[in-house]
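I opened this one at the bench with a coffee and a few simple questions. Here is what I looked up, in the order I went.

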Amino acid sequence: MREFPDYFADAEQSFDDARFVIFGVPYDSTSSFRFGSRLAPAEIRKASWNFESFDIFTSIDLSEIPIHDLGNLEVEDKSVLEMVQEVERVSERIIRKGKFPIALGGEHSISIGVVESLKDAFILVLDAHLDFRERYEDNPYSHACTIRRITDRVGVDNVLAVGIRSAGRDELDDARREGLRFMTSRDLRKEGAEGVMDRISGDKVYISLDFDVIDPSFAPGVSTPEPFGLRPDEVIEIIKGLSDRICGFDLVEVCPAYDTGITSVLAAKIVRMVISEVWKNKYMG
Ligand code: MN
Ligand code: MN
């Protein structure tokens, strides 16, 4: 493949003048099946150069949107708690300046750090897995505990999980007892994006996209693949429906070692679609 710059395509604005700030969190130390999501930020950036800067659907040219790429945080050798705190520090800085954070994982535990800096937002998590264990492999900050840790921070009423099709029995009992609202992949197929909109309140919505919510036939290169998942267009319908109130976004659990390139290309495209839809419907509209 041709050599490209090491930043996300069209992210050529300075930090100060940018509206969107992308940063990579190359961290995967709690992964429980496949390792290697720490390599995803670099692969997704590479894949981003595949596309035209002009987006035919929104008629927006991404080169005209002020986007900055902060590079990767230096977290690879840190403990998961130190990593979460570093993510919080960086996203806090982005949010305080009124900018839109886009975090590229890494494993799902990175999202806890972003949510930590966005406690007044409604959190929509797209995931195949319920991620509601109190601890996993003795670690409360494992990727398998992410939704639980998020509800600790924003309250269970401000979280919705969508695309769920895998949970442990005790984990599911716990989630029901605590009142976590979720839609399975079948619920979503039945109700569509409107079903998601109906369950979301408030004018600030953060989206955490665990890429394994998408069916492995579209996104094989993920850390914990789970069949019978969503189609990419179902994810895009949800993003479009919320685009005038999304306040931040992360994309996690892409695992390049198990990918032929299809997963990182889809991930890069979805990041670009989030940016163009939010730019059009929130900042221009
Ligand atoms: Mn997850
Ligand atoms: Mn998952």
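**Notes on the metal site and the rings**

I began with Asp-212, which counts as buried because its relative accessibility is 2%. A reminder to myself: this is a predicted model.

*Entry 1, ligand 2.* I looked up what holds the manganese ion (ligand 2), and found Asp-127 (OD), His-129 (ND1), Asp-210 (OD) and Asp-212, the last listed with OD twice, at 2.1 to 2.5 Å. Along the chain these donors are spaced as D-x1-H-x80-D-x1-D. His-129 and Asp-212 sit 83 residues apart and link distant parts of the chain. I placed His-129 in the loop between strand E6 (122-126) and helix H4 (146-154), and Asp-212 in the loop between E9 and helix H7 (232-242). His-129 has a relative accessible area of 12%, so I noted it as buried.

*Entry 2, ligand 1.* Next I asked which residues coordinate the manganese ion (ligand 1). They are His-108 (ND1), Asp-127 (OD), Asp-131 (OD) and Asp-210 (OD), at 2.1 to 2.2 Å. The spacing here reads H-x18-D-x3-D-x78-D. His-108 lies in the loop between strand E5 (100-105) and helix H3 (110-116), while Asp-210 belongs to strand E9 (residues 205-210), 102 residues apart. I checked both for burial: His-108 is at 0% relative accessibility and so counts as buried, and Asp-210 is buried too, with 2%.

*Entry 3, the two ions together.* How far apart are the manganese ions, ligand 1 and ligand 2? I read 3.3 Å, with Asp-127 coordinating both.

*Entry 4, aromatic pairs.* I then turned to the rings, where the count is 6 aromatic pairs. In one of them, Phe-20 and Phe-100 have ring centres 5.1 Å apart and planes at 55°, so I logged the pair as tilted. Phe-20 is in strand E1 (residues 20-25) and Phe-100 in strand E5, so this pair ties together parts 80 residues apart in sequence. Both of these Phe residues, Phe-20 and Phe-100, are buried.

Trp-279 and Tyr-283 make another tilted pair, because their planes are at 50°, with centres 6.1 Å apart. They are 4 residues apart in helix H8 (residues 262-284), which means about one helical turn between them. Trp-279 is buried at 18% relative accessible area, whereas Tyr-283, at 24%, counts as partly exposed. I also noted that ring pairs link Phe-20, Phe-100, Trp-279 and Tyr-283 into a cluster.

*Entry 5, charges over rings.* Last, I found the charged end of Arg-19 over the ring of Tyr-283, 4.4 Å from its centre. Arg-93 lies over the face of Phe-15, at 4.4 Å from the ring centre.

Notes
Residues numbered from 1 in each chain as written. Chains lettered and ligands numbered in written order. Predicted model: local features only at pLDDT ≥ 70, side-chain atom pairs only at ≥ 80, totals over all residues. Heavy atoms only, no water. Donors = N, O, S within 2.8 Å, 3.2 Å for Na, K, Ca; no water. Helix = DSSP H or I, 4+ residues; strand = E, 2+ residues; numbered from the N terminus. Buried < 20%, exposed > 50% of the residue type's maximum accessible area, 1.4 Å probe, protein only. Phe/Tyr/Trp six-rings, centres within 6.5 Å; stacked < 30°, edge-to-face > 60°. Lys NZ or Arg CZ within 6 Å of the ring centre and 35° of its normal.
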